[in-house]
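Let's take a walk through the rings, strands and empty spaces of this one. The structure comes up first, and the notes follow.

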Amino acid sequence: MKDRYDVLVIGAGPAGSIAAKTAAEKGLDVLLIEKRQEIGDPVRCAEGVNKEYLKKHVEIDKQWICADLKGSYIFSPDGTRIEMAEEISGGEVGYVLERKVFDRALAEQAAAVGAEVRVKTRATGLIIEDDFVKGARLMHLGKEYEVRASIVIGADGVESKVGRWAGIDTALKPIDIETCAQYLIAGADVNQEYCEFYIGNEVAPGGYVWVFPKGEGKANVGIGILGSKMGKFKPRPVDYLNDFLQKRFPDARIVEMVFGGVPVSGSIEKTSANGLMLVGDAARQSDPITGGGILNAMDAGKLAGEAAYAAISAGDVSLGKLEEEYEKKWRATVGHEIDMSLIVKNCFINLTDADLDSLAHSLKDVKFERMSLLDLLQALFKANKKLLWDLRVLFKDAAKEVIKNRT
Amino acid sequence: MSININRYKCGYCGACVGVCPKGALELVETWIEVDESVCIVCGICDRICPVGAIEVMK
Ligand SMILES: Cc1cc2nc3c(=O)[nH]c(=O)nc-3n(C[C@H](O)[C@H](O)[C@H](O)COP(=O)(O)OP(=O)(O)OC[C@H]3O[C@@H](n4cnc5c(N)ncnc54)[C@H](O)[C@@H]3O)c2cc1C
Ligand code: SF4
Ligand code: SF4
(Lines give C-alpha, C1' and ligand atoms only; values in the text may rest on other atoms or scores of the structure.)
(Ligands and ions follow the chains in the order given, each with its own letter.)
Protein backbone atom coordinates (compact mmCIF):
# COMPACT_ATOMS: atom_id res chain seq x y z
CA MET A 1 0.00 0.00 0.00
CA LYS A 2 1.38 3.39 -1.01
CA ASP A 3 0.84 6.74 0.74
CA ARG A 4 -0.86 8.35 -2.22
CA TYR A 5 -3.21 7.46 -5.09
CA ASP A 6 -5.32 9.39 -7.54
CA VAL A 7 -8.47 7.63 -6.37
CA LEU A 8 -9.27 5.72 -3.18
CA VAL A 9 -12.40 3.57 -3.36
CA ILE A 10 -13.84 2.40 -0.02
CA GLY A 11 -15.87 -0.83 -0.27
CA ALA A 12 -15.58 -3.59 -2.88
CA GLY A 13 -19.24 -4.27 -3.69
CA PRO A 14 -20.52 -3.82 -7.26
CA ALA A 15 -20.47 0.00 -6.92
CA GLY A 16 -16.89 0.20 -5.69
CA SER A 17 -15.44 -2.37 -8.07
CA ILE A 18 -16.98 -0.75 -11.15
CA ALA A 19 -15.84 2.70 -9.99
CA ALA A 20 -12.31 1.40 -9.45
CA LYS A 21 -12.29 -0.42 -12.76
CA THR A 22 -13.58 2.60 -14.70
CA ALA A 23 -11.03 4.96 -13.13
CA ALA A 24 -8.12 2.53 -13.57
CA GLU A 25 -9.04 1.91 -17.21
CA LYS A 26 -8.63 5.60 -17.82
CA GLY A 27 -5.09 5.45 -16.47
CA LEU A 28 -5.68 6.69 -12.92
CA ASP A 29 -3.77 5.21 -10.00
CA VAL A 30 -6.49 3.51 -7.93
CA LEU A 31 -6.67 1.76 -4.56
CA LEU A 32 -9.79 -0.33 -3.83
CA ILE A 33 -10.21 -1.43 -0.21
CA GLU A 34 -12.62 -3.90 1.39
CA LYS A 35 -12.90 -4.35 5.13
CA ARG A 36 -13.97 -7.97 5.02
CA GLN A 37 -11.51 -10.74 4.42
CA GLU A 38 -13.56 -12.14 1.57
CA ILE A 39 -15.12 -9.97 -1.12
CA GLY A 40 -18.81 -10.75 -1.53
CA ASP A 41 -19.16 -12.91 1.57
CA PRO A 42 -21.36 -13.09 3.56
CA VAL A 43 -23.89 -12.29 0.85
CA ARG A 44 -26.63 -9.79 1.65
CA CYS A 45 -28.77 -10.19 -1.41
CA ALA A 46 -31.49 -12.17 -3.21
CA GLU A 47 -29.23 -12.03 -6.28
CA GLY A 48 -31.81 -11.20 -8.95
CA VAL A 49 -30.85 -8.90 -11.83
CA ASN A 50 -32.27 -7.82 -15.15
CA LYS A 51 -30.41 -9.60 -17.93
CA GLU A 52 -30.27 -6.93 -20.59
CA TYR A 53 -29.27 -4.26 -18.16
CA LEU A 54 -26.46 -6.39 -16.73
CA LYS A 55 -25.04 -6.99 -20.20
CA LYS A 56 -24.45 -3.26 -20.51
CA HIS A 57 -21.83 -3.53 -17.79
CA VAL A 58 -20.15 -6.91 -18.04
CA GLU A 59 -19.76 -9.89 -20.29
CA ILE A 60 -21.92 -12.68 -18.95
CA ASP A 61 -19.94 -15.49 -17.41
CA LYS A 62 -21.66 -18.82 -16.68
CA GLN A 63 -19.61 -19.13 -13.49
CA TRP A 64 -21.76 -16.62 -11.67
CA ILE A 65 -25.18 -17.31 -13.21
CA CYS A 66 -27.31 -19.72 -11.16
CA ALA A 67 -30.64 -19.46 -12.95
CA ASP A 68 -31.99 -17.96 -16.15
CA LEU A 69 -35.65 -17.03 -15.73
CA LYS A 70 -38.72 -16.83 -17.96
CA GLY A 71 -40.68 -14.40 -15.82
CA SER A 72 -42.28 -13.91 -12.48
CA TYR A 73 -45.48 -14.54 -10.57
CA ILE A 74 -46.93 -12.11 -8.09
CA PHE A 75 -49.36 -13.47 -5.51
CA SER A 76 -51.84 -11.12 -3.85
CA PRO A 77 -53.00 -11.78 -0.27
CA ASP A 78 -55.95 -13.98 -1.40
CA GLY A 79 -53.66 -15.99 -3.65
CA THR A 80 -54.58 -14.38 -6.99
CA ARG A 81 -51.67 -14.95 -9.34
CA ILE A 82 -50.42 -12.37 -11.82
CA GLU A 83 -47.92 -13.52 -14.37
CA MET A 84 -45.32 -11.23 -15.83
CA ALA A 85 -43.18 -12.18 -18.77
CA GLU A 86 -39.51 -11.44 -18.46
CA GLU A 87 -39.39 -8.35 -20.66
CA ILE A 88 -41.76 -6.36 -18.52
CA SER A 89 -40.99 -7.68 -15.09
CA GLY A 90 -38.52 -4.90 -14.50
CA GLY A 91 -35.33 -5.00 -12.50
CA GLU A 92 -35.92 -8.11 -10.50
CA VAL A 93 -35.88 -10.97 -12.94
CA GLY A 94 -33.67 -12.28 -15.59
CA TYR A 95 -30.70 -13.88 -13.95
CA VAL A 96 -30.15 -15.10 -10.45
CA LEU A 97 -26.49 -14.57 -9.65
CA GLU A 98 -23.99 -16.22 -7.35
CA ARG A 99 -22.85 -12.98 -5.78
CA LYS A 100 -19.94 -14.48 -3.91
CA VAL A 101 -18.42 -15.25 -7.28
CA PHE A 102 -19.85 -12.23 -9.11
CA ASP A 103 -18.62 -9.58 -6.65
CA ARG A 104 -15.17 -11.07 -6.58
CA ALA A 105 -15.05 -11.27 -10.38
CA LEU A 106 -15.82 -7.54 -10.56
CA ALA A 107 -12.99 -6.74 -8.14
CA GLU A 108 -10.68 -8.97 -10.19
CA GLN A 109 -11.64 -7.04 -13.31
CA ALA A 110 -10.68 -3.81 -11.55
CA ALA A 111 -7.36 -5.38 -10.58
CA ALA A 112 -6.81 -6.64 -14.12
CA VAL A 113 -6.85 -3.09 -15.46
CA GLY A 114 -4.42 -1.87 -12.82
CA ALA A 115 -6.31 -1.05 -9.62
CA GLU A 116 -4.64 -2.17 -6.40
CA VAL A 117 -7.03 -4.23 -4.25
CA ARG A 118 -6.68 -4.71 -0.47
CA VAL A 119 -8.97 -6.87 1.60
CA LYS A 120 -9.23 -6.86 5.40
CA THR A 121 -8.60 -3.12 5.09
CA ARG A 122 -11.13 -0.88 6.77
CA ALA A 123 -11.52 2.87 6.49
CA THR A 124 -11.84 4.37 9.98
CA GLY A 125 -12.05 8.06 9.11
CA LEU A 126 -11.35 10.68 6.48
CA ILE A 127 -8.43 13.06 6.17
CA ILE A 128 -10.05 16.46 5.72
CA GLU A 129 -7.93 19.60 5.17
CA ASP A 130 -9.14 23.07 4.16
CA ASP A 131 -12.65 21.65 3.80
CA PHE A 132 -11.48 19.14 1.18
CA VAL A 133 -11.44 15.37 1.59
CA LYS A 134 -7.79 14.45 1.04
CA GLY A 135 -7.75 10.73 1.81
CA ALA A 136 -8.62 8.32 4.57
CA ARG A 137 -7.28 6.58 7.64
CA LEU A 138 -7.20 2.83 7.15
CA MET A 139 -6.77 -0.16 9.39
CA HIS A 140 -5.17 -3.22 7.83
CA LEU A 141 -4.45 -6.27 9.99
CA GLY A 142 -4.51 -4.18 13.13
CA LYS A 143 -2.10 -1.53 11.82
CA GLU A 144 -3.10 2.02 10.96
CA TYR A 145 -2.25 3.78 7.72
CA GLU A 146 -2.93 7.19 6.23
CA VAL A 147 -3.60 7.09 2.52
CA ARG A 148 -4.03 10.28 0.51
CA ALA A 149 -5.97 10.58 -2.72
CA SER A 150 -7.23 13.35 -4.99
CA ILE A 151 -10.66 11.77 -4.85
CA VAL A 152 -12.27 9.40 -2.35
CA ILE A 153 -15.24 7.33 -3.51
CA GLY A 154 -17.47 6.01 -0.71
CA ALA A 155 -18.94 2.68 -1.85
CA ASP A 156 -19.42 1.28 1.62
CA GLY A 157 -22.98 0.04 1.24
CA VAL A 158 -25.93 0.17 3.64
CA GLU A 159 -23.67 0.69 6.67
CA SER A 160 -22.02 3.69 5.02
CA LYS A 161 -19.94 5.93 7.26
CA VAL A 162 -17.90 7.71 4.60
CA GLY A 163 -20.60 10.27 3.78
CA ARG A 164 -21.23 10.95 7.46
CA TRP A 165 -17.55 11.60 8.07
CA ALA A 166 -17.75 14.28 5.36
CA GLY A 167 -20.85 15.86 6.88
CA ILE A 168 -23.49 14.19 4.67
CA ASP A 169 -26.16 12.65 6.89
CA THR A 170 -26.95 9.27 5.35
CA ALA A 171 -28.55 7.73 8.47
CA LEU A 172 -31.68 5.82 7.45
CA LYS A 173 -34.92 6.31 9.34
CA PRO A 174 -37.01 3.18 9.95
CA ILE A 175 -39.32 4.11 7.05
CA ASP A 176 -36.25 4.29 4.79
CA ILE A 177 -35.05 0.70 5.20
CA GLU A 178 -36.35 -2.75 4.34
CA THR A 179 -34.92 -5.20 6.82
CA CYS A 180 -34.50 -8.65 5.43
CA ALA A 181 -33.98 -12.28 6.24
CA GLN A 182 -33.40 -14.99 3.67
CA TYR A 183 -32.68 -18.70 3.54
CA LEU A 184 -31.08 -20.60 0.72
CA ILE A 185 -33.19 -23.73 0.65
CA ALA A 186 -32.58 -27.14 -0.85
CA GLY A 187 -34.63 -30.29 -1.12
CA ALA A 188 -37.90 -28.52 -1.95
CA ASP A 189 -40.04 -28.53 -5.04
CA VAL A 190 -39.09 -25.17 -6.58
CA ASN A 191 -40.13 -23.93 -10.01
CA GLN A 192 -36.75 -23.08 -11.53
CA GLU A 193 -38.06 -20.89 -14.33
CA TYR A 194 -40.12 -18.30 -12.48
CA CYS A 195 -39.50 -16.17 -9.48
CA GLU A 196 -42.34 -15.59 -7.08
CA PHE A 197 -43.35 -12.56 -5.07
CA TYR A 198 -45.91 -12.62 -2.23
CA ILE A 199 -47.39 -9.35 -1.05
CA GLY A 200 -49.73 -8.39 1.78
CA ASN A 201 -49.63 -7.10 5.31
CA GLU A 202 -50.03 -10.53 6.75
CA VAL A 203 -47.04 -12.10 4.98
CA ALA A 204 -44.76 -9.05 4.82
CA PRO A 205 -45.85 -5.64 6.16
CA GLY A 206 -44.63 -2.90 3.83
CA GLY A 207 -42.53 -5.36 1.85
CA TYR A 208 -42.73 -8.72 0.17
CA VAL A 209 -41.63 -12.32 0.25
CA TRP A 210 -39.51 -13.53 -2.65
CA VAL A 211 -38.63 -16.95 -4.01
CA PHE A 212 -35.74 -16.80 -6.47
CA PRO A 213 -34.63 -20.10 -8.01
CA LYS A 214 -30.91 -20.78 -7.71
CA GLY A 215 -30.56 -23.88 -9.87
CA GLU A 216 -30.26 -27.55 -8.88
CA GLY A 217 -33.54 -27.45 -6.96
CA LYS A 218 -32.40 -24.65 -4.69
CA ALA A 219 -33.89 -21.20 -4.09
CA ASN A 220 -33.36 -17.97 -2.19
CA VAL A 221 -36.48 -17.54 -0.08
CA GLY A 222 -36.49 -14.25 1.71
CA ILE A 223 -38.50 -11.42 3.10
CA GLY A 224 -38.17 -7.68 3.50
CA ILE A 225 -40.23 -5.67 5.98
CA LEU A 226 -40.37 -1.91 6.17
CA GLY A 227 -38.54 -0.69 9.27
CA SER A 228 -41.42 1.59 10.24
CA LYS A 229 -43.74 -1.43 10.44
CA MET A 230 -41.44 -3.16 12.90
CA GLY A 231 -41.21 -2.80 16.64
CA LYS A 232 -39.64 -4.33 19.66
CA PHE A 233 -42.53 -6.62 20.48
CA LYS A 234 -43.65 -7.32 16.93
CA PRO A 235 -42.48 -10.32 14.91
CA ARG A 236 -39.13 -9.88 13.14
CA PRO A 237 -38.44 -10.61 9.47
CA VAL A 238 -36.96 -13.94 10.47
CA ASP A 239 -40.24 -14.88 12.26
CA TYR A 240 -42.32 -14.05 9.18
CA LEU A 241 -39.87 -16.03 7.06
CA ASN A 242 -40.14 -19.08 9.28
CA ASP A 243 -43.94 -18.91 9.03
CA PHE A 244 -43.85 -18.62 5.25
CA LEU A 245 -41.39 -21.48 4.87
CA GLN A 246 -43.48 -23.70 7.09
CA LYS A 247 -46.51 -23.11 4.86
CA ARG A 248 -44.95 -23.00 1.41
CA PHE A 249 -41.91 -25.30 1.65
CA PRO A 250 -42.38 -27.46 4.74
CA ASP A 251 -39.79 -30.00 3.57
CA ALA A 252 -37.08 -27.53 2.70
CA ARG A 253 -33.61 -27.75 4.19
CA ILE A 254 -31.91 -24.48 5.03
CA VAL A 255 -28.35 -24.48 3.72
CA GLU A 256 -27.51 -20.82 4.19
CA MET A 257 -28.85 -17.83 6.15
CA VAL A 258 -28.67 -14.24 4.95
CA PHE A 259 -29.67 -11.04 6.73
CA GLY A 260 -29.50 -7.47 5.61
CA GLY A 261 -30.96 -4.03 5.17
CA VAL A 262 -31.79 -2.28 1.90
CA PRO A 263 -32.14 1.49 1.71
CA VAL A 264 -35.54 2.46 0.25
CA SER A 265 -35.35 6.16 1.05
CA GLY A 266 -35.24 7.44 -2.50
CA SER A 267 -32.51 9.82 -3.53
CA ILE A 268 -30.84 11.77 -0.75
CA GLU A 269 -30.05 15.45 -0.92
CA LYS A 270 -26.35 15.30 -1.52
CA THR A 271 -23.91 12.60 -2.62
CA SER A 272 -20.76 14.67 -3.20
CA ALA A 273 -18.48 16.96 -1.27
CA ASN A 274 -15.10 18.53 -2.04
CA GLY A 275 -12.94 15.55 -3.09
CA LEU A 276 -15.65 12.96 -2.36
CA MET A 277 -18.40 11.01 -4.12
CA LEU A 278 -20.82 8.40 -2.73
CA VAL A 279 -22.06 5.53 -4.90
CA GLY A 280 -24.48 2.60 -4.65
CA ASP A 281 -26.19 1.78 -1.36
CA ALA A 282 -23.91 4.30 0.36
CA ALA A 283 -25.65 6.96 -1.75
CA ARG A 284 -29.04 5.27 -1.09
CA GLN A 285 -29.41 4.50 -4.79
CA SER A 286 -31.34 1.23 -4.51
CA ASP A 287 -34.90 1.08 -5.80
CA PRO A 288 -37.52 1.99 -3.18
CA ILE A 289 -40.08 -0.53 -4.50
CA THR A 290 -38.10 -3.60 -5.35
CA GLY A 291 -35.07 -3.04 -3.14
CA GLY A 292 -32.94 -3.90 -6.17
CA GLY A 293 -29.63 -2.10 -6.04
CA ILE A 294 -26.95 -4.05 -7.89
CA LEU A 295 -27.46 -2.46 -11.29
CA ASN A 296 -28.00 1.05 -9.96
CA ALA A 297 -24.80 0.62 -7.96
CA MET A 298 -22.93 -0.41 -11.10
CA ASP A 299 -24.35 2.50 -13.10
CA ALA A 300 -23.36 4.99 -10.41
CA GLY A 301 -19.94 3.39 -10.01
CA LYS A 302 -19.27 3.86 -13.70
CA LEU A 303 -20.41 7.50 -13.63
CA ALA A 304 -18.26 8.19 -10.56
CA GLY A 305 -15.19 6.56 -12.15
CA GLU A 306 -15.62 8.73 -15.21
CA ALA A 307 -16.28 11.82 -13.10
CA ALA A 308 -13.10 11.16 -11.10
CA TYR A 309 -11.13 11.10 -14.33
CA ALA A 310 -12.74 14.28 -15.65
CA ALA A 311 -12.25 16.16 -12.38
CA ILE A 312 -8.65 15.05 -11.82
CA SER A 313 -7.73 15.83 -15.44
CA ALA A 314 -9.20 19.28 -15.06
CA GLY A 315 -7.34 19.79 -11.79
CA ASP A 316 -10.62 20.59 -10.06
CA VAL A 317 -12.07 18.14 -7.54
CA SER A 318 -14.34 20.66 -5.84
CA LEU A 319 -17.97 20.00 -4.99
CA GLY A 320 -19.05 22.22 -7.89
CA LYS A 321 -17.08 20.17 -10.40
CA LEU A 322 -18.28 16.83 -8.99
CA GLU A 323 -21.86 18.03 -9.03
CA GLU A 324 -21.48 18.79 -12.69
CA GLU A 325 -19.64 15.56 -13.56
CA TYR A 326 -21.39 13.08 -11.26
CA GLU A 327 -24.34 14.36 -9.30
CA LYS A 328 -26.21 15.83 -12.27
CA LYS A 329 -25.72 12.70 -14.38
CA TRP A 330 -26.87 10.15 -11.84
CA ARG A 331 -29.85 12.22 -10.85
CA ALA A 332 -30.97 12.41 -14.47
CA THR A 333 -30.83 8.60 -14.86
CA VAL A 334 -30.78 6.35 -11.79
CA GLY A 335 -32.08 9.19 -9.61
CA HIS A 336 -35.12 9.82 -11.76
CA GLU A 337 -36.14 6.15 -11.63
CA ILE A 338 -35.67 6.07 -7.88
CA ASP A 339 -37.81 9.16 -7.36
CA MET A 340 -40.62 7.64 -9.44
CA SER A 341 -40.39 4.42 -7.45
CA LEU A 342 -40.53 6.32 -4.18
CA ILE A 343 -43.90 7.77 -5.16
CA VAL A 344 -45.23 4.28 -5.82
CA LYS A 345 -43.71 2.94 -2.62
CA ASN A 346 -45.31 5.65 -0.48
CA CYS A 347 -48.62 4.85 -2.05
CA PHE A 348 -48.40 1.08 -1.74
CA ILE A 349 -47.31 0.86 1.88
CA ASN A 350 -50.68 2.27 2.91
CA LEU A 351 -52.82 -0.20 0.96
CA THR A 352 -54.84 -2.77 2.85
CA ASP A 353 -54.85 -6.43 1.85
CA ALA A 354 -58.33 -5.91 0.37
CA ASP A 355 -56.95 -3.09 -1.82
CA LEU A 356 -54.12 -5.32 -2.98
CA ASP A 357 -56.55 -8.11 -3.83
CA SER A 358 -58.80 -5.83 -5.84
CA LEU A 359 -55.76 -4.58 -7.74
CA ALA A 360 -54.68 -8.13 -8.46
CA HIS A 361 -58.17 -9.05 -9.68
CA SER A 362 -58.18 -6.19 -12.17
CA LEU A 363 -54.66 -6.98 -13.40
CA LYS A 364 -55.35 -10.68 -13.83
CA ASP A 365 -56.89 -10.25 -17.26
CA VAL A 366 -54.49 -7.66 -18.64
CA LYS A 367 -52.59 -8.99 -21.64
CA PHE A 368 -49.18 -8.73 -20.19
CA GLU A 369 -47.11 -9.50 -23.27
CA ARG A 370 -47.76 -6.08 -24.62
CA MET A 371 -48.33 -4.25 -21.43
CA SER A 372 -46.95 -0.77 -21.18
CA LEU A 373 -46.94 1.41 -18.16
CA LEU A 374 -50.05 3.06 -19.55
CA ASP A 375 -51.98 -0.23 -19.72
CA LEU A 376 -50.95 -0.93 -16.17
CA LEU A 377 -52.20 2.45 -15.02
CA GLN A 378 -55.49 1.90 -16.80
CA ALA A 379 -55.94 -1.37 -15.00
CA LEU A 380 -55.12 0.30 -11.71
CA PHE A 381 -57.70 2.94 -12.46
CA LYS A 382 -60.39 0.34 -12.77
CA ALA A 383 -59.47 -1.12 -9.43
CA ASN A 384 -58.87 1.92 -7.35
CA LYS A 385 -59.35 5.52 -8.40
CA LYS A 386 -57.75 6.95 -5.31
CA LEU A 387 -54.58 5.02 -6.05
CA LEU A 388 -54.41 6.45 -9.51
CA TRP A 389 -54.72 9.95 -8.11
CA ASP A 390 -51.85 9.25 -5.73
CA LEU A 391 -49.78 8.04 -8.65
CA ARG A 392 -50.68 10.81 -11.07
CA VAL A 393 -47.07 12.01 -11.33
CA LEU A 394 -46.22 8.71 -12.99
CA PHE A 395 -48.91 9.27 -15.52
CA LYS A 396 -47.01 12.16 -17.01
CA ASP A 397 -44.03 9.91 -17.32
CA ALA A 398 -46.00 7.15 -18.99
CA ALA A 399 -47.44 9.61 -21.46
CA LYS A 400 -43.92 10.79 -22.28
CA GLU A 401 -42.86 7.20 -22.82
CA VAL A 402 -45.72 6.55 -25.20
CA ILE A 403 -44.82 9.62 -27.22
CA LYS A 404 -41.17 8.62 -27.27
CA ASN A 405 -42.00 5.12 -28.51
CA ARG A 406 -44.09 6.54 -31.32
CA THR A 407 -41.34 8.72 -32.73
CA MET B 1 -28.15 2.38 30.00
CA SER B 2 -26.81 -0.53 28.08
CA ILE B 3 -26.80 -2.18 24.72
CA ASN B 4 -26.64 -5.93 24.60
CA ILE B 5 -25.72 -7.69 21.40
CA ASN B 6 -26.29 -11.37 21.26
CA ARG B 7 -23.26 -12.31 19.18
CA TYR B 8 -24.53 -15.84 18.76
CA LYS B 9 -27.70 -14.56 17.11
CA CYS B 10 -26.36 -11.59 15.13
CA GLY B 11 -26.17 -12.18 11.37
CA TYR B 12 -23.60 -9.36 10.90
CA CYS B 13 -25.72 -7.69 8.26
CA GLY B 14 -25.00 -4.07 9.22
CA ALA B 15 -28.63 -2.92 9.08
CA CYS B 16 -28.34 -1.49 12.61
CA VAL B 17 -25.21 0.43 11.58
CA GLY B 18 -27.10 2.06 8.70
CA VAL B 19 -29.95 3.34 10.87
CA CYS B 20 -28.03 4.52 13.92
CA PRO B 21 -28.51 8.30 13.86
CA LYS B 22 -25.33 8.85 15.85
CA GLY B 23 -22.98 6.52 14.02
CA ALA B 24 -22.41 4.73 17.31
CA LEU B 25 -22.24 1.27 15.77
CA GLU B 26 -19.59 -0.33 13.62
CA LEU B 27 -19.46 -3.74 12.01
CA VAL B 28 -16.02 -5.32 11.99
CA GLU B 29 -16.22 -8.67 10.21
CA THR B 30 -18.65 -10.60 12.42
CA TRP B 31 -18.57 -8.17 15.30
CA ILE B 32 -20.77 -5.18 16.13
CA GLU B 33 -18.86 -2.59 18.16
CA VAL B 34 -20.78 0.03 20.16
CA ASP B 35 -19.42 3.43 21.06
CA GLU B 36 -21.48 4.02 24.17
CA SER B 37 -20.14 7.56 24.53
CA VAL B 38 -22.17 8.74 21.53
CA CYS B 39 -25.22 6.42 21.73
CA ILE B 40 -28.37 8.30 22.68
CA VAL B 41 -30.33 5.13 23.58
CA CYS B 42 -32.96 5.86 20.92
CA GLY B 43 -33.62 2.15 20.34
CA ILE B 44 -33.84 2.36 16.54
CA CYS B 45 -31.17 -0.34 16.11
CA ASP B 46 -33.16 -2.62 18.39
CA ARG B 47 -36.34 -1.95 16.43
CA ILE B 48 -34.99 -2.79 12.99
CA CYS B 49 -32.69 -5.77 13.59
CA PRO B 50 -34.09 -8.60 11.41
CA VAL B 51 -33.33 -11.25 14.01
CA GLY B 52 -33.63 -9.36 17.28
CA ALA B 53 -29.98 -9.67 18.25
CA ILE B 54 -29.64 -6.16 19.68
CA GLU B 55 -31.32 -5.06 22.87
CA VAL B 56 -31.29 -1.47 24.08
CA MET B 57 -32.19 -0.94 27.71
CA LYS B 58 -32.92 2.49 29.10
C1 LIG C 1 -31.68 -9.42 1.61
C2 LIG C 1 -31.34 -8.54 0.44
C3 LIG C 1 -31.79 -8.89 -0.84
C4 LIG C 1 -31.45 -8.11 -1.94
N5 LIG C 1 -31.85 -8.54 -3.17
C6 LIG C 1 -31.45 -7.85 -4.26
C7 LIG C 1 -31.75 -8.34 -5.56
O8 LIG C 1 -32.35 -9.40 -5.73
N9 LIG C 1 -31.35 -7.62 -6.63
C10 LIG C 1 -30.64 -6.45 -6.49
O11 LIG C 1 -30.30 -5.83 -7.50
N12 LIG C 1 -30.33 -5.98 -5.27
C13 LIG C 1 -30.69 -6.66 -4.15
N14 LIG C 1 -30.35 -6.19 -2.91
C15 LIG C 1 -29.61 -4.92 -2.80
C16 LIG C 1 -28.14 -5.12 -3.18
O17 LIG C 1 -27.59 -6.15 -2.43
C18 LIG C 1 -27.38 -3.82 -2.94
O19 LIG C 1 -28.08 -2.74 -3.49
C20 LIG C 1 -25.99 -3.86 -3.56
O21 LIG C 1 -25.18 -4.83 -2.95
C22 LIG C 1 -25.31 -2.50 -3.41
O23 LIG C 1 -23.99 -2.56 -3.86
P24 LIG C 1 -22.89 -1.62 -3.23
O25 LIG C 1 -21.65 -1.88 -3.99
O26 LIG C 1 -23.40 -0.23 -3.18
O27 LIG C 1 -22.75 -2.06 -1.72
P28 LIG C 1 -22.36 -3.47 -1.07
O29 LIG C 1 -22.54 -4.57 -2.04
O30 LIG C 1 -23.07 -3.52 0.21
O31 LIG C 1 -20.80 -3.31 -0.81
C32 LIG C 1 -20.28 -2.45 0.18
C33 LIG C 1 -18.96 -3.01 0.64
O34 LIG C 1 -18.27 -2.03 1.42
C35 LIG C 1 -17.63 -2.67 2.48
N36 LIG C 1 -17.36 -1.68 3.52
C37 LIG C 1 -18.27 -1.09 4.35
N38 LIG C 1 -17.65 -0.22 5.17
C39 LIG C 1 -16.33 -0.25 4.86
C40 LIG C 1 -15.19 0.42 5.39
N41 LIG C 1 -15.28 1.30 6.38
N42 LIG C 1 -13.96 0.14 4.86
C43 LIG C 1 -13.87 -0.78 3.85
N44 LIG C 1 -14.91 -1.45 3.32
C45 LIG C 1 -16.13 -1.19 3.83
C46 LIG C 1 -18.60 -3.75 2.90
O47 LIG C 1 -17.95 -4.77 3.63
C48 LIG C 1 -19.12 -4.23 1.55
O49 LIG C 1 -18.38 -5.29 1.03
C50 LIG C 1 -30.68 -6.94 -1.77
C51 LIG C 1 -30.25 -6.57 -0.48
C52 LIG C 1 -30.57 -7.35 0.61
C53 LIG C 1 -30.07 -6.95 1.97
S1 SF4 D 1 -29.03 -5.58 12.58
FE2 SF4 D 1 -29.00 -7.28 14.04
S3 SF4 D 1 -28.20 -9.03 12.85
FE4 SF4 D 1 -27.73 -7.17 11.67
S5 SF4 D 1 -25.65 -6.63 12.36
FE6 SF4 D 1 -27.08 -5.46 13.64
S7 SF4 D 1 -27.36 -6.76 15.47
FE8 SF4 D 1 -26.46 -8.07 13.88
S1 SF4 E 1 -29.74 3.09 20.55
FE2 SF4 E 1 -29.81 4.60 18.88
S3 SF4 E 1 -27.91 5.77 19.11
FE4 SF4 E 1 -27.67 3.93 20.36
S5 SF4 E 1 -26.62 2.47 19.02
FE6 SF4 E 1 -28.83 2.08 18.78
S7 SF4 E 1 -29.46 3.36 17.05
FE8 SF4 E 1 -27.46 4.10 17.71
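## A pocket beside a strand and a helix

A pocket here is an open set of grid points where a 1.4 Å probe fits, with protein on both sides within 12 Å along at least five of seven lines. Keep in mind that this is a predicted model.

With that in hand, the second largest pocket comes out at about 360 Å³. Its lining runs to 18 residues, and the ones closest to the centre are A:Pro77, A:Glu202, A:Val203, A:Phe244 and A:Lys247. Two elements of chain A, β13 and α5, each give two or more residues to that lining. The top contributor is α5(A), with five residues. As for chemistry, the wall is a mix: eight nonpolar, four polar and six charged residues.

## Rings that tie chain A together

Over all chains there are eight aromatic pairs. One of them is A:Tyr73 with A:Tyr194, a stacked pair with 4.3 Å centre to centre and 10 degrees between the planes. A:Tyr73 sits in strand β5 (residues 71–75) and A:Tyr194 in strand β13 (residues 194–199), so this contact links parts of chain A that are 121 residues apart in sequence. Buried or exposed, what is the state of A:Tyr73? A:Tyr73 counts as buried, because its relative accessibility is 10% and the cut-off for buried is under 20%. A:Tyr194 is buried too, at 13%.

Further along β13(A), A:Tyr198 meets A:Phe244 with ring centres 4.9 Å apart and planes at 65 degrees, so that pair is edge-to-face. Here the strand is tied to helix α5 (residues 237–248) of chain A, because A:Tyr198 lies in β13 and A:Phe244 in α5, parts that are 46 residues apart in sequence. Both rings are tucked away: A:Tyr198 is buried at 13% relative accessibility, and A:Phe244 is buried at 9%. Put the rings together with A:Phe75 and you get one aromatic cluster of A:Tyr73, A:Phe75, A:Tyr194, A:Tyr198 and A:Phe244. A:Phe244 is also among the residues closest to the centre of the second largest pocket.

## The strands underneath

How do β5(A) and β13(A) run relative to each other, parallel or antiparallel? They run parallel, joined by five bridges. Across that pairing, A:Ser72 stands opposite A:Cys195 in β13(A). β5(A) is mostly covered, with four of its five residues buried.

## Closed spaces in chain B

Now for the cavities, of which three have 30 Å³ or more. The largest holds about 100 Å³ of space. Its lining has 15 residues, with B:Cys10, B:Cys13, B:Cys16, B:Cys49 and B:Ala53 nearest the centre. Helices α1 (15–19) and α2 (44–48) of chain B each supply at least two of the lining residues. By class the lining has 14 nonpolar residues, one polar and no charged ones.

The second largest cavity has about 90 Å³. Which residues lie nearest its centre? Those are B:Ile3, B:Cys20, B:Cys39, B:Cys42 and B:Cys45, out of 13 lining residues. This lining has 11 nonpolar residues, one polar and one charged.

## Charges over rings

Two more contacts to look at, one in each chain. In chain A, A:Lys56 lies over the face of A:Tyr53, at 4.3 Å from the ring centre. In chain B, B:Arg7 lies over the face of B:Trp31, at 4.2 Å from the ring centre.

Definitions and conventions: Residues are numbered from 1 along each chain as its sequence is written. Chains are lettered from A and ligands numbered from 1 in the order in which they are written. This is a predicted model: local features need pLDDT of at least 70, side-chain atom pairs count only at pLDDT 80 or more; totals for chains, interfaces and linings use all residues. Side-chain values use heavy atoms; hydrogens and water are left out. On a 1 Å grid over the protein atoms alone, a cavity is a set of points where a 1.4 Å probe fits but cannot get out, and a pocket is an open set with protein on both sides within 12 Å along at least five of seven lines; lining residues have an atom within 4 Å of a point. Grid points are joined across faces, edges and corners, and a volume is the space filled by probe spheres set on the points. Ala, Val, Leu, Ile, Met, Phe, Trp, Tyr, Cys and Pro count as nonpolar, Asp, Glu, Lys and Arg as charged, and the others, Gly among them, as polar. Rings of Phe, Tyr and Trp (its six-membered ring) pair if their centres lie within 6.5 Å; planes under 30 degrees apart count as stacked, over 60 as edge-to-face and the rest as tilted. Buried means under 20% relative accessible area, exposed over 50%, partly exposed in between (1.4 Å probe, protein chains only). A charge sits over a ring if NZ of Lys or CZ of Arg is within 6 Å of the ring centre and within 35 degrees of the ring normal. Two strands pair if DSSP finds at least two bridges between them.
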